[in-house]
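Here are my notes on this one, set out as numbered points. Have the structure open while you read.

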Amino acid sequence: MSARFASIGVVGAGAWGTALANASARAGREVLLWGRDAALVETLRRTRANPAHLPGVALAPGVEPTADLAALAGADAILLVVPAQASRAVAAALAPHLAAGTPVVTCAKGIERGTSLFMTQVLAQACPAALPAILSGPSFAADVAAGLPTAVTLAAREIEVAGALAAALGSASFRLYHSRDVRGVEIGGAAKNVLAIAAGIVGGRRLGASAGAALIARGFAELMRFGKAFGAQAETLTGLSGLGDLILTCSTAQSRNYALGLSLGQDEGLHPPGRLAEGALTAGVLVAMADGRGVDMPIARAVEAVLAGRSDIEQAIGSLLARPQKAEA
Ligand SMILES: NC(=O)C1=CN([C@@H]2O[C@H](COP(=O)(O)OP(=O)(O)OC[C@H]3O[C@@H](n4cnc5c(N)ncnc54)[C@H](O)[C@@H]3O)[C@@H](O)[C@H]2O)C=CC1
Ligand SMILES: O=C(CO)COP(=O)(O)O
């Protein structure tokens with residue numbers, strides 16, 4: 001089955017794109033790794049490393065870097081691995097090179113600002129010839145690149161396509177579960193980033209491990225409410241791309257979203273600057289979408305208020321703790 005996707009084009013040579021290129025090569029695929037920055041691509045070619053995005057990791061044999069998007073025209077499937085807010089522009093640039101029906105697996109975790117669209121919806125608009133799919137789950141690029149055991153979910157509308165892609169990309173250390181619940185997988189990845197910022201704030205303020213656990217559980221209740229309102233299946237949200245990724249990113253400063261919250265919690269502002277924290281970009285649109293459907297998301301709302309400068313950390317914590325006690329469900 002996997003021979004169906006013998007060649008993979010990875011669009012985006014950041015941390016996650018490089019890690020997924022390595023994982024795909026390890027799974028036996030031929031891999032073209034596209035980066036927009038010709039100088040970075042030259043470094044990748046010459047040194048077989050990506051120190052700017054994934055220090056200490058060698059590019060796997062079988063990964064060929066390129067700065068030419070047209071070179072990906074013959075790939076059997078594409079992984080789109082650029083930040084959520086850049087996905088539309090990059091998918092549109094890819095569109096003229098894509099054979100109709102080629103699976104494009106978006107690997108970004110976010111919701112598009114301005115349109116309130118999920119990643120596969122953006123893809124469907126910007127690249128209508130593509131067969132949209134989504135990959136998400138608890139997986140730090142450094143762990144995947146190092147070949148440490150990880151498990152993620154890959155969803156496509158047709159289960160057979162999702163299964164074939166998972167078979168093509170998976171290996172002993174990189175396990176892919178497949179699913180038809182595209183919406184559930186993309187919601188899990190987008191929402192957990194916002195909640196991870198809150199978890200980082202709890203860590204930065206030294207509110208204790210009990211508060212951290214409560215934050216994860218109540219954050220998960222928000223994620224479930226939002227997911228159900230937007231058509232996700234509960235089993236997906238309790239799986240790798242919902243609960244699994246929430247636990248990971250709410251637990252360690254290895255997460256850029258958690259690290260951002262940690263810095264806010266320590267009154268050090270939006271540090272570390274220049275690092276992608278998708279939750280900071282998704283918070284506003286997530287909360288607006290929740291409001292539109294009457295979904296209660298107090299933790300996400302508190303994060304959004306802090307990021308927008310409408311609330312300081314003490315006010316945000318105070319507002320959450322002052323909420324009336326209520327039934328759990
Ligand atoms: N790093 C990780 O551990 C994981 C990241 N992700 C997701 O993958 C996505 C990408 O994240 P990373 O690779 O970590 O970020 P990164 O910051 O390491 O790399 C982003 C890459 O996208 C490129 N890029 C940005 N804007 C672009 C544009 N307009 N056109 C073309 N290329 C553009 C940058 O040059 C860079 O190479 C995010 O949505 C993130 O949430 C998902 C799972 C794990
Ligand atoms: O999505 C991730 C792990 O699953 C990576 O998290 P950060 O983007 O917060 O680093």
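A word on the annotations first: UniProt positions are given here in the numbering used for this chain, feature names are shortened, and annotations may be inferred rather than shown by experiment. Also keep in mind that this is a predicted model.

1. **The annotated domain.** UniProt, in an unreviewed entry, lists residues 8–160 as "domain: Glycerol-3-phosphate dehydrogenase NAD-dependent N-terminal". Over that stretch the chain is 29% helix and 29% strand. The C-alpha atoms at the two ends of the range are 18 Å apart.

2. **The sheet.** Get your bearings from the open sheet of eight strands, ordered β5-β2-β1-β6-β7-β10-β11-β12 with mixed pairing. Its edge strands, each pairing on one side only, are β5 (63–66) and β12 (174–179). From one strand to the next, the twist averages 25°. As a reminder, strands of a sheet pair through backbone hydrogen bonds, either parallel or antiparallel.

3. **β1 with β6.** Want a parallel pair to look at? Strand β1 (residues 7–11) and strand β6 (residues 77–80) are joined in the parallel sense by four bridges. To find the register, start from V10, whose bridge partner in β6 is L79.

4. **β10 and its two partners.** Which way does β10 pair with each neighbour, parallel or antiparallel? With strand β7 (residues 103–106) it runs parallel, over four bridges, and here P103 stands opposite L131 of β10. With β11 the sense is antiparallel, again over four bridges, and L135 has L154 in β11 as its bridge partner.

5. **How covered is β10?** Six of the six residues of β10 are buried. Both faces are covered: L131, A133 and L135 are buried on one side, and P132, I134 and S136 on the other.

6. **Helices on the sheet.** Helix α1 lies across β1, β2 (30–34), β5, β6 and β12, and it runs at about 170° to β2. Helix α7 (residues 182–204) also packs on the sheet, where it touches β10 (131–136), β11 (150–156) and β12. The direction of α7 makes about 45° with that of β10.

7. **V182, in α7.** V182 is found in helix α7. Why does V182 count as buried? Because it has 24 C-beta neighbours inside 10 Å, and the cut-off for buried is 20 or more. Leaving aside residues within four places in sequence, V182 is in contact with T120, I134, A155, A156 and R157. A283 is another matter: V182 and A283 are 101 residues apart in sequence and 21 Å apart in space, C-alpha to C-alpha.

8. **K192, also in α7.** UniProt's unreviewed entry places the feature "active site" at K192, a residue of helix α7. Buried or exposed? K192 counts as buried, because it has 32 C-beta neighbours inside 10 Å. Not counting residues up to four places away in sequence, K192 touches L223, D245, L246 and T249.

9. **Around ligand 1.** The shell here has 26 residues, of which G14, A15, W16, A86 and A108 come nearest. The elements giving two or more residues to it are α1 (15–26) and α3 (87–94), and the largest share, three residues, comes from α1. By type, the shell divides into 15 nonpolar, seven polar and four charged residues.

10. **Around ligand 2.** Of the 13 residues here, S139, D245, S255, R256 and N257 come nearest. Two or more residues each come from α7, α10 (240–249) and α11. α10 gives the most, with three. The split by type is four nonpolar, five polar and four charged. D245 is worth a second look, as it is also one of the residues that K192 touches.

11. **α13.** Helix α13 (residues 298–307) is mostly covered, with eight of its ten residues buried: I299, A300, R301, A302, V303, E304, V306 and L307. These buried residues pack against α7, α8 (209–229), α11 (256–265), α12 (278–292) and α14 (313–321). After α13 comes G309, with a positive phi near 80°.

Definitions and conventions
Residues are numbered from 1 along each chain as its sequence is written. Chains are lettered from A and ligands numbered from 1 in the order in which they are written. This is a predicted model: local features need pLDDT of at least 70, side-chain atom pairs count only at pLDDT 80 or more; totals for chains, interfaces and linings use all residues. A residue is near a molecule or strand if its C-beta atom, placed from the backbone, lies within 6 Å of it. Ala, Val, Leu, Ile, Met, Phe, Trp, Tyr, Cys and Pro count as nonpolar, Asp, Glu, Lys and Arg as charged, and the others, Gly among them, as polar. Two strands pair if DSSP finds at least two bridges between them. Axes are lines fitted to C-alpha atoms, for helices over the stretch in contact, and angles run from 0 to 180 degrees between N-to-C directions. Two residues are in contact if their C-beta atoms, placed from the backbone, lie within 7 Å. A residue is buried if 20 or more other C-beta atoms lie within 10 Å of its own, exposed if 12 or fewer, and partly exposed in between; C-beta atoms are placed from the backbone.
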